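Work through the exercises below with the sequence and the coordinates open. Each task is followed by a solution in steps.

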Amino acid sequence: MIHKHLQYYLGHLKDDVPSGIVVFLVALPLCLGIALASGAPLFSGLIAGLVGGLVVSWLSGSQLSVSGPAAGLTVIVFNAIESLGSFQGFLVACLLAGILQLALGFLKAGIIGAFFPSAVIKGMLAAIGLILIIKQFPHATGYHFSYEGDESYMKETAGSSFVELFDSFHYVSNGSVVISAVSLLILIVWETRWFKKQPLVKLIPGPLIAVCWGIAYNLVAAKTAPEWAVSAKHMVSLPVTEQPSEILKQLTFPDFSYLGNTQIYIIAATIAIIASLETLLSLEAVDKLDPMKRVAPTNRELKAQGVGNILSALLGGLPITAVIVRSSANINAGGKTSVSCFVHGICLLISVVYFSFYLNFIPLASLSAILLHTGYKLAKPAIFKEYYRKGMSQLLPFIITVGAILATDLLQGMAIGMTIGMFFVIRANYHAAITLTQDGSHYEISLNKDVSFLNKALLRKFITRIPENSRVTIDASKAQFIDHDILETIEDFLAMAPDDNINVTVIDIHGKEKIKNHPPIVVINRSPEASCQIKADSTVQPSN
């Protein structure tokens, strides 16, 4: 078994190593930016990225999901650190949040992820694609106002994102535009059929070529045409360490004296709930994007995230979640197994210890081009056309989810999308649960599945259509559960039926309720015991 697993991972190394490097290049500035936006030490973002890559990648059951510090938690983290007055105190809350997530995993709370309709998940992915385009376009032109917010889209940043988009036209860097434009061209050409057929192209992902192009261009431009070069503020900014031992000095540890502060527990519960929801949403989305259509175990993911947050907190890192943008970049770069996420963690570790000086030569415009390309693939017009063809019941939840996320934030937008999605699910069940068919003067009311109070109005509508002197069969053989309100409606009909000379036969409703006896009503029970007929004198006798 171990040999089989080893063969599986080794067989995909040619895809996973390059994609892991690409994810690392995307994750590096985001880890630093998210830490900056959270009001935490810069190194805390890197620790969270390291734990997500080196530990959670193997504990998780997802092959393509990438975990690390989440931009969606920046406001919560910032406010928590500010209210506690201590980052070390906040680490205690993060540790408790991890324990809570671990408990949720053992309590099998991961099933929540299965209740998100496909149209809503696809709407979330399309919205994230549009957000990436909105947020990355300024960086592609050289306007790097807030790199930390590039994965987030919260109420606080929704409006400012569009402001930054328009402001970027006034702060154009020639070098950034050239780098991002050519990088995009490389990524587009790399996806064409002819290029995909070339043996060398299969070994090297387009995003890696785009980054190499950005570095090479800038080094040449700095010497030959400085006005077309990219300045240091438009490059990756990683803290430079001269000796590996200096890394240990930057670790921060939790201050357990804060356990007596009741605020810690409120913050811990908030982080655990939000982080778990973001993780489950991301996991559902990654399963939809996975070319191999694998389904990740959600409860195992919650346990993995719990362990990850415990370790991150103990080492002085930010909270961790599964993050859809980095996961999408992983899939887009050709990742096949969890090795790609692990490689991204290894690259983070090596870069922090040995190569931080050299990584600062990477232009942010190259990374922006990679994310712009990822954003387009998530929100390409073909997806909108596909849902248009599926009809309003699929199109509306999809479009409303996209619009709601763009107008608010990820979680609120998903909640709105879920509400609309549930409306269409209920509407579909409303019509499918009860059907009425007619054959001459014989009418059949079929209870096709579990029938709730939501179907009462439809049942009454069908009953009013039945004329006098008719024969009616109420068939409940396919229903496992019948709500009391439905039974009451049937009772009322049975009481009224003799007055209109309507003969009623009720099939397999016995055992699901206790119906009063109204002549001339026949109750047929298809159970092994026997059938029953209710006679006019209201006595029940078995029939042969």
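## Exercise 1: The chain as a whole

The chain has 544 residues, and 52% of them count as buried. The model is predicted.

**Task.** State how many helices and strands the chain has, and describe its contacts and surface.

**Solution.**
1. Begin with secondary structure. There are 22 helices and nine strands.
2. Turn to the contacts with a sequence separation of 6 or more. Of these, 78% join residues 24 or more positions apart.
3. Finish with the surface. About 24600 Å² is accessible. Carbon and sulfur atoms hold 65% of that area.

## Exercise 2: Salt bridges

**Task.** Give the number of salt bridges, then work out which parts of the chain the pair Glu-191 and Lys-377 ties together.

**Solution.**
1. Count first. The total is four salt bridges.
2. Take the named pair. The closest N and O atoms of Glu-191 and Lys-377 are 3.4 Å apart. The cut-off is 4 Å, so the pair qualifies.
3. Place both ends. Glu-191 sits in the loop between helix 8 (174-190) and helix 9 (193-196), while Lys-377 belongs to helix 17, so the bridge ties together parts 186 residues apart in sequence.
4. Check exposure. Glu-191 is partly exposed at 31% relative accessible area. Lys-377 is partly exposed too, at 30%.

**Task.** Decide whether the partners are buried or partly exposed in two further bridges, Arg-294 with Asp-290 and Lys-390 with Glu-386.

**Solution.**
1. Arg-294 and Asp-290 meet at 2.9 Å, N to O. Both residues are buried.
2. Lys-390 and Glu-386 have their closest N and O atoms 3.2 Å apart.
3. Lys-390 has a relative accessible area of 43%, so it is partly exposed. Glu-386 has 28%, so it is partly exposed as well.

## Exercise 3: The largest pocket

**Task.** Find the volume of the largest pocket, the residues nearest its centre and the element that gives most to its lining.

**Solution.**
1. Volume: about 940 Å³ of space.
2. Lining: 35 residues. Nearest the centre lie Glu-191, Ile-331, Asn-332, Gly-334 and Lys-377.
3. Main contributor: helix 17 (residues 364-378), with four residues.
4. Link back to the salt bridges. Glu-191 and Lys-377, bridged to each other, are both among the residues nearest the centre of this pocket.

## Exercise 4: A cavity and Leu-73

**Task.** Describe the largest cavity, then explain where Leu-73 stands in the structure.

**Solution.**
1. Two cavities reach 30 Å³ or more. The largest has a volume of about 40 Å³.
2. Its lining consists of Ile-34, Ser-38, Pro-69, Ala-70, Leu-73, Thr-74, Val-77, Leu-318 and Pro-319.
3. Locate Leu-73. This residue lies in the loop between strand 1 (67-69) and helix 4 (74-84).
4. Test burial. Buried means under 20% relative accessible area. Leu-73 has 2%, so it counts as buried.
5. List the touching residues, leaving out those up to four places away in sequence. Leu-73 touches Ile-274, Ala-275, Pro-319 and Thr-321.
6. Compare sequence with space. Leu-73 and Ser-38 are 35 residues apart in sequence, with 8.2 Å between their C-alpha atoms. Both line the largest cavity.

## Exercise 5: A nonpolar surface patch

**Task.** Name the residues of the patch and find which helix supplies its largest share.

**Solution.**
1. Members: Leu-219, Val-240, Ile-346, Ile-350, Tyr-354, Phe-355, Phe-357, Tyr-358 and Phe-361. Together they make about 880 Å² of nonpolar surface.
2. Largest share: helix 16 (residues 339-359), with six residues.
3. Sample one member. Tyr-354 lies in helix 16. Its relative accessible area is 56%, so Tyr-354 is exposed.

## Exercise 6: Positive phi

**Task.** Place Lys-108 and Asn-469, two residues with positive phi that are not glycine.

**Solution.**
1. Lys-108 has phi near 60 degrees. It lies in the loop between helix 5 (87-106) and helix 6 (118-140).
2. Lys-108 has 58% relative accessibility, so it counts as exposed.
3. Asn-469 has phi of about 60 degrees. Its loop runs between helix 21 (456-464) and strand 5 (471-475).

Definitions and conventions:
Residues are numbered from 1 along each chain as its sequence is written. This is a predicted model: local features need pLDDT of at least 70, side-chain atom pairs count only at pLDDT 80 or more; totals for chains, interfaces and linings use all residues. Side-chain values use heavy atoms; hydrogens and water are left out. Patches are made of residues with over 30% relative accessible area and no salt bridge: like charges are joined within 9 Å, nonpolar side chains (Val, Leu, Ile, Met, Phe, Trp, Tyr) within 5 Å. Accessible areas come from the Shrake-Rupley method with a 1.4 Å probe; for residues, only the protein chains shown count as cover. A salt bridge is a side-chain nitrogen of Lys or Arg within 4 Å of a carboxyl oxygen of Asp or Glu. Helices (H or I, at least four residues) and strands (E, at least two) are DSSP runs, numbered from the N terminus. Buried means under 20% relative accessible area, exposed over 50%, partly exposed in between (1.4 Å probe, protein chains only). Contact means heavy atoms within 4.5 Å. On a 1 Å grid over the protein atoms alone, a cavity is a set of points where a 1.4 Å probe fits but cannot get out, and a pocket is an open set with protein on both sides within 12 Å along at least five of seven lines; lining residues have an atom within 4 Å of a point. Grid points are joined across faces, edges and corners, and a volume is the space filled by probe spheres set on the points.
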